[in-house]
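Please open the model in your viewer and keep the sequence panel beside it, so that each selection below can be made by residue number. The tour goes from one selection to the next and says what is found at each stop.

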Amino acid sequence: MDEPILYSVGDGVATITLNRPDVLNAFTDPMLDALNDALAKAERDAAVRCVVITGAGRGFCAGQDLGDVKRREQESGHAVSFAEHLRTKYNPIVRRIRTMEKPVIGAVNGVAAGAGASLALACDLRIASDKASFVLAFVKVGLVPDSGMNYFLVQMIGLPRAFELAATGGRLTAEEALHLGVVNRMVPTDELQAAAQAWAKELAQAPTRAIGLTKRAMNRALVSSVEEVLDYEAWLQEIAGRTADHKEGVAAFLEKRPPQFKGQ
Ligand code: LHQ
């Protein structure tokens, strides 16, 4: 059987591919576990300085595999606890992406629906194929947006638009998502993987510690006062100022040469 998650590393970039293309990479439990393991591996590996998450085939991810939930309920004779499922399977993935001190790029190759759209929005950056779309599918099956969707989408596009999409199960095309700032870049489908890898490689050569600390700063800023942010920035800058990459950046500037950052 094909692995539900593929993992490869090259040029400082870990590429994680959701790999159930026949069902648009809908999530099963083994796949969620494998995704969490792959993210943990990328997080731990100092040679990995940027992560790309993408999908095999024509879809990015269609969210929870609805057939799988039904099968499990039939087999066990009782309802699956969605709260437990989210707390043990989905939330740790979202949390890991948000707290990992390396940039994570979502290379959205096609439709991202339900929790698959949440996964895309949890990434730090998104590059989308012009054929990609984001579908707030939850309400179509009588569910609430989950896996961080309520947080990310409201942050990105504001409450009125986010609520309308969630309440109607609406779809954002790649072009609309680009216009609204939900995706950073949009490219033709056949250029997506090369463009995502080129971007990731560039980020993998940047000062990784500073990027990781920036991620911490911005995560915190979303839930803090200006006063708290100012203080936290000072603290983080103390850490960044002691890194080898800071010293290298300054030396390279003064010597008028390109810097060689090592992620340390
Ligand atoms: C699928 C799926 C799928 C199984 C496409 N499952 N097979 C929920 C519950 C519990 C806890 C955790 O959190 C969640 C959060 C969620 O994620 S809820 C939302 C779950 N996802 C959905 O409701 C999306 C369902 N899929 C769709 O609405 C459409 O497939 C989209 C809009 C994604 C794509 O439409 P099309 O491009 O027209 O493709 P398609 O519908 O023909 O799908 C292709 C195949 O993939 C098809 O199989 P088949 O054997 O007919 O070729 C679908 O059945 C299968 N598939 N999504 N979630």
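In this tour a residue is called buried when its relative accessible area is under 20%, exposed when that value is over 50%, and partly exposed in between. Please keep in mind throughout that the model is predicted.

**First stop: R257 and E248**

Select R257 together with E248, and you will find a salt bridge in which the closest N and O atoms are 2.8 Å apart. R257 has a relative accessibility of 30% and therefore counts as partly exposed, whereas E248, at 16%, counts as buried. From this pair, move on to D29, D68, R71 and R72, which are joined into one network by salt bridges that share partners.

**Second stop: salt bridges between distant parts of the chain**

The structure holds 13 salt bridges, and two further pairs are worth selecting one after the other. Begin with R20 and D65, whose side chains meet in a salt bridge with an N to O distance of 2.9 Å. R20 lies in the loop between strand 2 (13-18) and helix 1 (29-44), and D65 in the loop between strand 4 (59-61) and helix 2 (66-76), so this pair ties together parts that are 45 residues apart in sequence. The two partners can also be compared by their cover: R20 is partly exposed, with a relative accessible area of 23%, while D65, at 8% relative accessibility, counts as buried.

Next select R96 and E43, which form a salt bridge with their closest N and O atoms 2.7 Å apart. Because R96 lies in helix 3 and E43 in helix 1, the pair ties together parts that are 53 residues apart in sequence. R96 is partly exposed, with a relative accessible area of 25%, and E43 likewise counts as partly exposed, at 29% relative accessibility.

**Third stop: the ligand and its shell**

Now select the ligand and display the residues around it. How many residues surround the ligand, and which are the closest? There are 22 of them, and the closest are R58, A62, Q64, A115 and D146. By character, the shell divides into 13 nonpolar, four polar and five charged residues, and its largest share, four residues, comes from helix 3.

Three polar contacts can be followed one by one. At Q64, a backbone N or O atom lies 2.8 Å from a nitrogen atom of the ligand. At A115, a polar backbone atom is 2.9 Å from an oxygen atom of the ligand. At D146, by contrast, the contact is made through the side chain, where an N or O atom is 2.8 Å from an oxygen atom of the ligand. If the ligand is taken alone, it exposes 1,000 Å², and the protein buries 65% of that area.

**Fourth stop: a nonpolar patch on the surface**

Switch to a surface display and select L66, F82, V141 and L143, which form a nonpolar patch with about 340 Å² of accessible area together. Within this group, centre the view on F82, which is located in helix 3 (residues 82-99). F82 is partly exposed, with a relative accessible area of 38%.

**Fifth stop: D11 and L24**

Most residues other than glycine have a negative phi, and the next two selections depart from that pattern. Select D11, in the loop between strand 1 (5-10) and strand 2, where phi is near 55 degrees, a positive value in a residue other than glycine. D11 is exposed, with a relative accessible area of 57%. Then select L24, which is found in the loop between strand 2 and helix 1 and which has a positive phi of about 50 degrees although it is not a glycine.

**Last stop: two pairs to check by C-alpha distance**

Select V13, which is found in strand 2 and is buried, with a relative accessible area of 2%. Add R49 to the selection: the C-alpha atoms of V13 and R49 are separated by 6.1 Å, although the two residues are 36 residues apart along the chain.

Finish with A167, in helix 6 (residues 159-168), which counts as partly exposed at 42% relative accessibility. Its C-alpha atom is 9.4 Å from that of P145, and the two residues are 22 residues apart in sequence.

Methods
Residues numbered from 1 in each chain as written. Predicted model: local features only at pLDDT ≥ 70, side-chain atom pairs only at ≥ 80, totals over all residues. Heavy atoms only, no water. Patch = residues over 30% accessible without salt bridge, like charges linked within 9 Å, V, L, I, M, F, W, Y side chains within 5 Å. Areas by Shrake-Rupley, 256 points an atom, 1.4 Å probe, with all protein chains shown as cover. Salt bridge = Lys/Arg side-chain N within 4 Å of Asp/Glu carboxyl O. Helix = DSSP H or I, 4+ residues; strand = E, 2+ residues; numbered from the N terminus. Buried < 20%, exposed > 50% of the residue type's maximum accessible area, 1.4 Å probe, protein only. Near = heavy atom within 4 Å. Polar contact = N/O pair within 3.5 Å; in protein donor to acceptor, adjacent residues only side chain to side chain. Nonpolar A, V, L, I, M, F, W, Y, C, P; charged D, E, K, R; others polar.
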